[in-house]
Amino acid sequence: MADVQLVDPFGRRIDYLRLSVTDRCDFRCIYCMPENMRFSARDELLSIEELHEVASTFIALGVRKIRITGGEPLVRKDLNRLLSKLAGHTELTDLAITTNGTQLVEQAIELHHLGVQRLNISLDSLSRERFALLTRRDKLEKVLEGIESAIGAGFKRLKINSVIQRGVNFDEVYDLAIFALSRGLDISFIEEMPLGVVNSHDRNKTLVTSDEVLERLSDNLDLAPIVERTGGPSKYYSVRGYDGRIGFISPYSHNFCGACNRVRVTADGKLILCLGEDNAIDLKRILRDSSYSRDAMKSKIIDAMKLKPAAHGFDRADEVQVIRFMSATGG
Ligand code: SAM
Ligand code: SF4
């Protein structure tokens, strides 16, 4: 099976894989998981060799960008072994990680050496009390030090991700933007998605749309839309006086599914074709079958593309569309 590419029924070429390496996390962000979250047993998770086999199969099917995520990917002890293996795939044009930043003081330089080009680092507040409320952990200092370590390590691109909630951190959007821009970083503001049942807040009341954030930022910053699309869901703006860009990820208010180029694989080996659907294909079962062959896995993945929906249905913030939490799906 040579030169096969992944194309879904809507003509969208899939060349981007988000690979989750763990569902565990050292935070319990209120929009992502409950305090008493139940994690998968370790033997349910794909081994490093299995994760690499999944990634290699996708690369053979034309995937060129991989983002490692979780849960918190940097709490997976043997992650570096996977990264070293991925570094051997010269076809990959982009290897990135999304992280909450708590391990970056110790790991940033090593990650950069291992070939990781870009990091997205989540940061929702610059206030210690609020940060502790949002993540249910008092670790703001550690994350801020981690961001400085990442800046020092020399990554090609660093981006801050901030989920904005009314009554929680909507009043901090300007401060967060300046925090990122003054350090030469990009920042994306994200609308909260209705993934998993949360009881800490009413999503219908806390949802802040990207237009509201844009309006608030425009009071103090001179923003101009960047026409060229990055292929991702962010809509970017340049900011007069700064190199960094401001992005908006608006799953609720501006559907971006028409340009979707990605699929996800969870840490326990489920292929998820859309964040907004519970449909999943069990790749672990194929991997652990005694008659496993890469061609069998390829056929299964090619077939699965038929199930990719045209669009998600995140049209009501308070209605849980998907019972999986973001940490289980791989954000
Ligand atoms: N632990 C890492 C982190 O926090 O960056 C990676 C995994 S996390 C699930 C990936 C991203 O998803 C984070 O930027 C987080 O803020 C975002 N996220 C989690 N739950 C979300 C939700 N319900 N709506 C929107 N974004 C969410
Ligand atoms: Fe952990 Fe990331 Fe979810 Fe926060 S958003 S609980 S850091 S997985």
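This is a walk through a predicted model, starting at a ligand, moving along its strands and helices, and ending at a second annotated site and a helix.

Let us begin at ligand 2. The residues around ligand 2 are C25, F27, C29, C32, M33, G71 and N100. By character, that shell divides into 5 nonpolar residues and 2 polar ones, with no charged residue. Three of the cysteines in the shell also carry an annotation: UniProt, in an unreviewed entry, places the feature "binding site" at C25, C29 and C32.

Where do C25 and C32 sit in the fold? C25 belongs to the loop between strand 1 (16-20) and helix 1 (48-60), and C32 lies in the loop between strand 1 and helix 1 as well. Are they buried or exposed? With a relative accessible area of 18%, C25 counts as buried, because the cut-off for that label is under 20%. C32 is buried too, with a relative accessible area of 14%. If you would like to see what surrounds C25, set aside the residues up to four places away in sequence; C25 then touches M33, F39, G71, E72 and N100. Of these contacts, M33, G71 and N100 are also among the residues around ligand 2.

From here it is a natural step to the strands. Strand 1 and strand 2 pair in the parallel sense over 5 bridges, and one place to find this pairing on screen is S20, whose bridge partner in strand 2 is T69. On its other pairing, strand 2 runs parallel to strand 3 (residues 94-99), with 4 bridges between them. Here I68 stands opposite I97 in strand 3. Why is strand 2 described as largely enclosed by the rest of the structure? Strand 2 covers residues 65-69, and 4 of its 5 residues are buried, so the surrounding structure encloses most of it.

The helices link these strands into two units. Strand 1, helix 1 and strand 2 make a right-handed β-α-β unit. Strand 2 then takes part in another right-handed β-α-β unit, made together with helix 2 (residues 79-87) and strand 3.

Now move along the chain to another annotated place. UniProt, again in an unreviewed entry, lists C257, C260 and C274 under "binding site". These cysteines span 18 residues in sequence, yet no two of their C-alpha atoms are more than 9.3 Å apart, so they gather at one spot. C257 is found in the loop between strand 9 (245-249) and strand 10 (262-265), and the place of C260 is in the loop between strand 9 and strand 10 too. C257 is buried, its relative accessible area being 7%.

What do C257 and C260 touch, leaving aside neighbours within four places in sequence? C257 is in contact with R12, A310, A311 and H312, while C260 touches R12, R13, I14 and K308. R12 therefore appears in both contact lists, where contact means heavy atoms within 4.5 Å.

A last stop is helix 6 (residues 173-181). Its buried residues are V173, L176, A177, F179, A180 and L181. In an α-helix there are 3.6 residues a turn, so residues three or four places apart point the same way. What covers the buried residues of helix 6? The cover includes helix 5 (140-153) and helix 8 (210-218), along with strand 5 (157-163), strand 6 (186-190), strand 8 (235-239) and strand 9.

Notes. Residues are numbered from 1 along each chain as its sequence is written. Chains are lettered from A and ligands numbered from 1 in the order in which they are written. This is a predicted model: local features need pLDDT of at least 70, side-chain atom pairs count only at pLDDT 80 or more; totals for chains, interfaces and linings use all residues. Side-chain values use heavy atoms; hydrogens and water are left out. A residue is near a molecule or strand if one of its heavy atoms lies within 4 Å of it. Ala, Val, Leu, Ile, Met, Phe, Trp, Tyr, Cys and Pro count as nonpolar, Asp, Glu, Lys and Arg as charged, and the others, Gly among them, as polar. UniProt positions are given in the numbering used here, feature names are shortened, and annotations may be inferred rather than shown by experiment. Buried means under 20% relative accessible area, exposed over 50%, partly exposed in between (1.4 Å probe, protein chains only). Two strands pair if DSSP finds at least two bridges between them. A crossover is right-handed if, with the strands pointing away from the viewer, the path from the first strand over the helix to the second runs clockwise.
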